[in-house]
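Reader: Before I accept any descriptive label for a fold, I would like to see the value set beside the criterion. Could we go through the terms in that way?

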Amino acid sequence: MVLKVEESTAHSLPPPTIPVRPETRTCNLRVCHSQLTLLEEAEGGFDQFTRSYKSYGVHRMPDNSLVFKEWAPAAEALFLTGDFNGWDNFSHPYAKKDFGKWELHIPPKEDKTPAVTHNSKLKVVVHTRMGERLYRISPWAKYVTRHEKSVIYDWVHWDPPQPYIHPRPQKPRSLRIYESHVGIASPEGKVASYSNFTHNVLPRIKDLGYNCIQLMAIMEHAYYASFGYQVTSFFAASSRYGTPEELKELIDVAHSLGIIVLLDVVHSHASKNTEDGLNSFDGSDSCFFHSGPRGEHSLWDSRLFNYSGWEVLRFLLSNLRWWMEEYRFDGFRFDGVTSMLYHHHGIGSGFSGDYAEYFGLHVDEDSIVYLMLANHILHTLYQDCITIAEDVSGMPTLCRPVQEGGLGFDFRLAMAIPDKWIQILKEFKDEDWNMGNIVHTMSNRRYGEKCIAYAESHDQALVGDKTLAFWLMDKDMYTNMSALIPMNSVIDRGIQLHKMMRLLTHGLGGEGYLNFMGNEFGHPEWLDFPRVGNNESYHYARRQFNLVDMDHLRYRQLYAFDRDMNRTEDKYGWLAAPPAYISAKHEGDKVIVFERANVIFIFNFHPTNSYSNYRVAVGPPGKYKIKLDSDEIHYGGHGRLDHNTEFFTEPMEFSNLPNSMLVSKLYYLLP
């Protein structure tokens with residue numbers, strides 16, 4: 001239940017007086033400043049440096065001549081081949097320049113048109129010092145495709161006659177994120193398209209009240225089942241969903257709906273692919289990566305970047321700028337930050353919160369400085385840019401400004417929350433739920449470092465795990481989700497807890513909220529991409545939005561609650577408010593009460609007990625009314641509360657707050 005004050009004679013509770021004392025990283029800060037100074041001296045500043053995508057790769061000049069530029073320090077020679085020269089491996093050699101760079105100029109044809117036409121295929125031919133001849137895709141390739149029966153991608157020259165240009169909206173007050181994957185965004189068993197997402201999914205996201213989309217698996221990845229986390233072409237939007245222009249249209253339409261779009265960016269590692277990836281581009285085991293064991297991730301079977309390398313910084317920082325400028329993304333969710341922060345990559349490390357875990361020789365200073373540079377540059381160039389870190393370790397100052405010695409992220413993912421919900425559902429009976437432990441997990445974050453809370457993300461939907469809905473209702477979802485028949489006890493319990501767990505996470509867990517597509521309506525089953533182990537089936541690599549469109553199924557009820565939960569937050573803004581004041585976490589009653597943004601949240605998790613005239617603590621005095629009720633019939637509830645009821649405060653101190661009121665009815669979980 002959510003109560004909102006209607007008439008009040010006092011202001012909201014002041015924010016906590018906890019002083020913000022970020023642990024400064026003076027050494028890292030000095031190195032960061034030193035790098036910025038070097039960029040100014042050697043490259044004319046970071047603005048010019050991060051626009052290197054305008055000079056590397058291939059570019060058409062005003063006279064339609066073409067300039068090709070690559071960095072391949074270990075190569076003996078470079079040639080360009082492709083459709084334009086009949087795949088001649090020697091007719092177009094690059095000229096060797098300083099610092100491992102190579103350039104090639106191709107004049108226009110006699111009719112003054114470019115020698116390499118739009119949508120034609122290319123390859124870089126690399127001659128190594130060992131006498132090998134390697135065929136490579138430019139690391140700066142902006143579009144790559146593959147034939148249906150091929151496993152190797154081809155570099156396609158993308159130079160459309162009319163580039164797509166569109167504006168960017170302002171940063172929202174509260175962040176409500178819809179985590180999305182374009183390829184699975186359809187009930188059909190196939191790879192869905194950018195256009196499908198634009199025309200069929202964006203309207204749903206808007207209706208649900210989400211104001212931000214986090215797009216996964218956009219950076220090109222040869223292996224679809226990697227979920228986009230084994231990137232092969234960093235500057236190319238995945239062609240399996242459509243063209244670059246169709247992705248730009250998707251983002252443009254999202255912006256027109258007032259929805260910002262974040263890219264799930266993978267700079268923590270890269271695919272080991274050689275023919276269509278970065279690995280061994282110049283024939284060496286280093287180039288963009290550390291050589292030897294330091295350049296290998298043992299669990300992910302991938303390559304690790306050398307963040308101290310000048311050209312690696314150019315590549316990665318320009319990559320961020322490319323997505324911001326060319327596609328008009330509004331920011332990034334940085335994947336695998338824990339792996340970047342530590343030389344051990346978090347493998348076999350349990351993080352207790354002891355500060356010795358965050359400072360020492362096991363911390364990768366090069367990675368930290370790279371992240372500081374990335375955040376400093378992004379936030380300097382784009383005032384409303386949003387950056388989110390996926391870090392499970394709890395690194396201090398991760399979300400403090402760079403000038404304070406922090407890493408500069410705006411948010412971190414509250415990754416302990418979904419793990420807690422799964423643990424509770426797997427290990428505890430309803431009557432054994434520990435209210436204090438749940439509240440601690442929701443509120444255990446450093447003041448001044450913002451978190452994105454979520455009850456479940458794509459991680460929990462993957463094969464091998466189960467969504468919250470499937471943990472709660474399991475096989476009953478196949479036979480008992482019809483609203484035309486009475487709910488059995490399994491479905492009833494599952495629907496009520498699904499709503500309450502998400503609302504508690506939304507209200508208490510952070511300064512932003514995230515939901516993975518389809519989970520808002522209790523998407524059944526799990527997520528599994530086509531692979532050899534499932535006979536290349538797309539059956540589980542889809543989102544069954546059609547379930548919501550069927551009036552007689554209860555998925556529609558969960559959808560309605562999620563929508564109204566977001567709309568209620570949009571009205572009252574608790575995510576943008578200071579952390580909640582928790583006035584009750586009663587173990588015997590199984591009741592949690594807290595106040596945030598002048599909104600009172602009341603949860604009764606008891607499976608059998610209801611309460612009359614239950615006293616709850618209140619800050620601002622006045623009259624309160626119900627604004628959101630998970631027990632409403634159209635949310636799959638039982639309609640036991642009278643929404644015309646008015647609740648008046650009394651000047652009676654309770655739970656260290658000056659006022660309190662009696663809630664006439666607080667119903668138990670199941671009727």
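Reader: What share of the contacts between residues at least 6 apart in sequence joins residues at least 24 apart?

Author: In this predicted model, 72% of those contacts in the protein chain join residues at least 24 apart, where a contact means heavy atoms within 4.5 Å.

Reader: Why does the radius of gyration agree with that of a compact globule?

Author: The rule takes 2.2 Å times the number of residues to the power 0.38; for 671 residues this gives a value near 26 Å, and the protein chain has 27 Å, which agrees. Along the principal axes, the C-alpha trace spans about 85 × 55 × 45 Å.

Reader: What makes strand β4 count as mostly covered?

Author: A residue is called buried under 20% relative accessible area, and seven of the eight residues of β4 (residues 75-82) are buried. Over the whole protein chain, 60% of the 671 residues count as buried.

Reader: How do you know that β4 and β7 pair?

Author: Pairing requires at least two bridges between two strands; β4 and β7 (residues 121-128) have seven, in the antiparallel sense, so the criterion is met. One of the residues involved is Ala75, whose bridge partner in β7 is Thr128.

Reader: Why are β2 and β5 called edge strands?

Author: The open sheet has the order β2-β3-β6-β5, with antiparallel pairing, and β2 (57-60) and β5 (95-96) each pair on one side only. Within this sheet, six bridges join β3 (residues 66-71) to β6 (residues 101-106), and Lys69 stands opposite Glu103 in β6.

Key: Residues numbered from 1 in each chain as written. Predicted model: local features only at pLDDT ≥ 70, side-chain atom pairs only at ≥ 80, totals over all residues. Heavy atoms only, no water. Buried < 20%, exposed > 50% of the residue type's maximum accessible area, 1.4 Å probe, protein only. Helix = DSSP H or I, 4+ residues; strand = E, 2+ residues; numbered from the N terminus.
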